Amino acid sequence: MDLTAMAVLILALAPAPKSTLPFIEDDYSRGLAEARARNLPLFIEVWAPW
Amino acid sequence: MRAFVFGDESLKEQAGRFVWLSIDTEKETNAKVQERFPIDAWPTLLVLDPKDERVALRWVGGATVTQLQRILEDGRLAVLGGAPGEGPEPAFARAERLYGERSFGEAAKAYQDALKAAPPDWPRYPRAVESLLFALATSHDCTTSLRIAREALPRLRGTPSGLSVAGTGLECALDLPKADAGRPDSVGFFEKASREAIADAKLLAAADDRSSLYGDLVRARKDAQDGAGAKATAAEWAAFLEGEAAKAKTPEARSVFDAHRLSAYLELGEPQRAIPMLEASERDFPRDYNPPARLGLAFRELKRWDEALAATDRALAKAYGPRRIRILLTRSDILLGRGDRAGARATLAEALSAARALPPGQRSEPLIASVQKKLGALPQQP
């Protein structure tokens with residue numbers, strides 16, 4: 001594997017969660033139920049920790 | 001985005017307008033969500049209409065605070081509905097729906113219809129161009145991408161979208177076959193545009209977007225067989241990232257740059273420069289598999305096999321999900337480098353078995369094929 005290909009594999013962002021937004025972590029059912037109950041759009045950040 | 005965007009005070013006013021959910025795609029418990037809402041790059045931001053779970057807005061990649069504010073406003077309007085306005089809006093609404101569904105070919109046509117009908121001051125122009133270019137890239141339509149990027153650059157110059165469009169154009173130009181007569185002109189044009197975007201200190205792009213563009217510029221110099229130019233660009237890249245990391249106020253914010261810095265140091269041929277930084281991150285985040293996984297890569301490049309193996313041991317003890325397979329592949333390379341062919345084969349077999357065992361949503365057929373190919377290329381006897 002050349003370095004550029006390897007760079008693509010490893011280029012990514014790591015941990016650091018301090019949010020002013022009240023994120024629900026990893027619970028789609030809960031997020032959807034809450035969005036339905038409060039009649040609000042559901043914002044989803046799909047991410048990976050690497 | 002977690003380190004530099006979601007914590008921004010200006011987003012507080014948005015807190016009550018949405019329900020906020022984050023999904024870590026490495027976790028097996030999220031595999032069904034991934035199956036239902038596949039993504040094409042990390043991060044991807046989605047705004048869902050909770051009534052029917054329709055993706056009302058999809059944004060691929062990171063965003064600045066300003067870009068996120070616009071994404072949120074547009075996403076909210078897309079869920080609240082109402083008749084689309086005039087001019088480019090009906091075509092844009094159609095494009096957004098198709099893009100949300102990942103019908104990228106049709107979405108690209110609709111975005112182009114919207115751009116044709118757009119007035120010069122259309123506020124959705126930057127997002128429409130960026131989404132269109134991603135749709136075209138996913139549809140492998142490089143020729144149209146290059147035309148759209150050239151047309152859009154004068155209008156987007158000096159903005160984060162301009163930097164992104166320059167980089168997309170450069171990647172696309174470099175992907176053209178070498179025999180393509182227009183390739184040298186396209187590469188030259190977008191390399192110059194990328195250089196200008198990088199040099200524009202007033203341009204408020206995210207640091208990781210600037211960093212990715214440096215990676216593209218290194219690739220362009222290597223493509224031109226300009227080894228010295230590639231090294232010089234990698235040195236600029238590393239200096240930029242070291243400056244950003246030095247400004248970080250917390251270990252979390254500093255470690256965001258680890259992966260990018262490792263890439264820059266590898267391009268420079270100086271992997272040893274990554275080691276103190278990664279050791280600091282491993283101390284600061286003892287439960288995170290990333291620092292030892294990256295140390296494994298750096299030690300492998302240095303042929304310090306024992307330290308490389310020990311680092312992957314520590315990473316594998318904490319890793320989960322698809323990333324575990326990548327770490328096993330690194331470990332296999334290290335074992336092979338150390339002359340342990342049988343160990344390398346056994347590790348590849350373990351990686352293959354782990355890749356096959358991933359649930360739908362996480363399982364990647366291209367990854368399985370690449371592990372199989374690697375295993376096939378490593379006969380039991382030398």
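This talk walks through a predicted model of two chains, A and B, beginning with chain B as a whole and ending at the sheet that both chains build.

Let me start with the overall build of chain B. Chain B contains 18 helices and three strands, and its C-alpha trace spans about 70 × 50 × 45 Å along the principal axes. For 382 residues, a compact globule would be expected to have a radius of gyration near 21 Å, and chain B, at 22 Å, agrees with that. Buried residues account for 44% of the 382 residues in chain B, and, of the contacts in chain B with a separation of 6 or more, 54% come from residues 24 or more positions apart.

As an example of how helices meet in this chain, take helix 6, residues 142-156, and helix 7, residues 160-175, both of chain B, which pack at an angle of about 150° with their axes 9 Å apart. Angles over 145 degrees count as roughly antiparallel, and helix 6 and helix 7 of chain B are therefore roughly antiparallel to each other. Their crossing is left-handed. On the helix 6 side the contact includes B:Ala149, B:Ala152 and B:Leu153, and on the helix 7 side the residues include B:Gly162, B:Val165, B:Ala166 and B:Gly169.

Now to the place where the two chains come together. How many residues of chain B are in contact with chain A? The model has 60 residues of chain B in contact with 40 residues of chain A. The elements of chain B that each supply at least two residues to the side touching chain A include strand 1, strand 2, helix 2 and helix 9, while helix 12 of chain B gives the most, with seven residues.

The strands on that list lead us to the sheet. Five strands form an open sheet with mixed pairing, in the order 1(A)-1(B)-2(A)-2(B)-3(B), and the twist from one strand to the next averages 25°. Which strands stand at the edges? They are strand 1 of chain A, residues 23-25, and strand 3 of chain B, residues 54-60, and because each has a single partner strand, one side of each is left without a neighbour in the sheet.

Let us look at strand 2 of chain A, residues 42-47, which pairs in the antiparallel sense with strand 2 of chain B, residues 44-49, over five bridges. Within that pairing, A:Phe43 has B:Val47 as its bridge partner, and A:Leu42 has B:Leu48. Strand 2 of chain A also pairs with strand 1 of chain B, here in the parallel sense and over six bridges, and in strand 1 of chain B the residue opposite A:Glu45 is B:Ser22. Is strand 2 of chain A buried or exposed? Six of its six residues are buried, with A:Leu42, A:Ile44 and A:Val46 covered on one side and A:Phe43, A:Glu45 and A:Trp47 covered on the other.

Moving along the sheet, strand 2 and strand 3 of chain B pair in the antiparallel sense over six bridges, with B:Trp59 as the bridge partner of B:Leu45. These two strands form a hairpin with four residues between them, and in the turn B:Glu53 has a positive phi of about 60°. Strand 3 of chain B stands at an edge of the sheet, and yet five of its seven residues are buried, so this strand is largely enclosed by the rest of the structure. Helix 2 of chain B, residues 65-80, lies across strand 2 and strand 3 of chain B and runs at about 165° to strand 3.

I will finish with one residue just ahead of this hairpin, namely B:Asp40, which lies in the loop between helix 1 and strand 2 of chain B. Why does B:Asp40 count as partly exposed? It has 14 C-beta neighbours inside 10 Å, whereas a residue is called buried at 20 or more and exposed at 12 or fewer. Setting aside its neighbours within four places in sequence, B:Asp40 is in contact with B:Val60 and B:Thr138. The C-alpha atoms of B:Asp40 and B:Tyr320, which are 280 residues apart along the chain, are separated by 20 Å.

Conventions: Residues are numbered from 1 along each chain as its sequence is written. Chains are lettered from A and ligands numbered from 1 in the order in which they are written. This is a predicted model: local features need pLDDT of at least 70, side-chain atom pairs count only at pLDDT 80 or more; totals for chains, interfaces and linings use all residues. Two strands pair if DSSP finds at least two bridges between them. Axes are lines fitted to C-alpha atoms, for helices over the stretch in contact, and angles run from 0 to 180 degrees between N-to-C directions. Two residues are in contact if their C-beta atoms, placed from the backbone, lie within 7 Å. The radius of gyration is taken over C-alpha atoms; the globule rule is 2.2 Å times the number of residues to the power 0.38. Angles under 35 degrees count as roughly parallel, over 145 as roughly antiparallel, 65 to 115 as roughly perpendicular and the rest as oblique. A crossing is left-handed if the near helix is turned anticlockwise from the far one by less than a right angle, and right-handed if clockwise.
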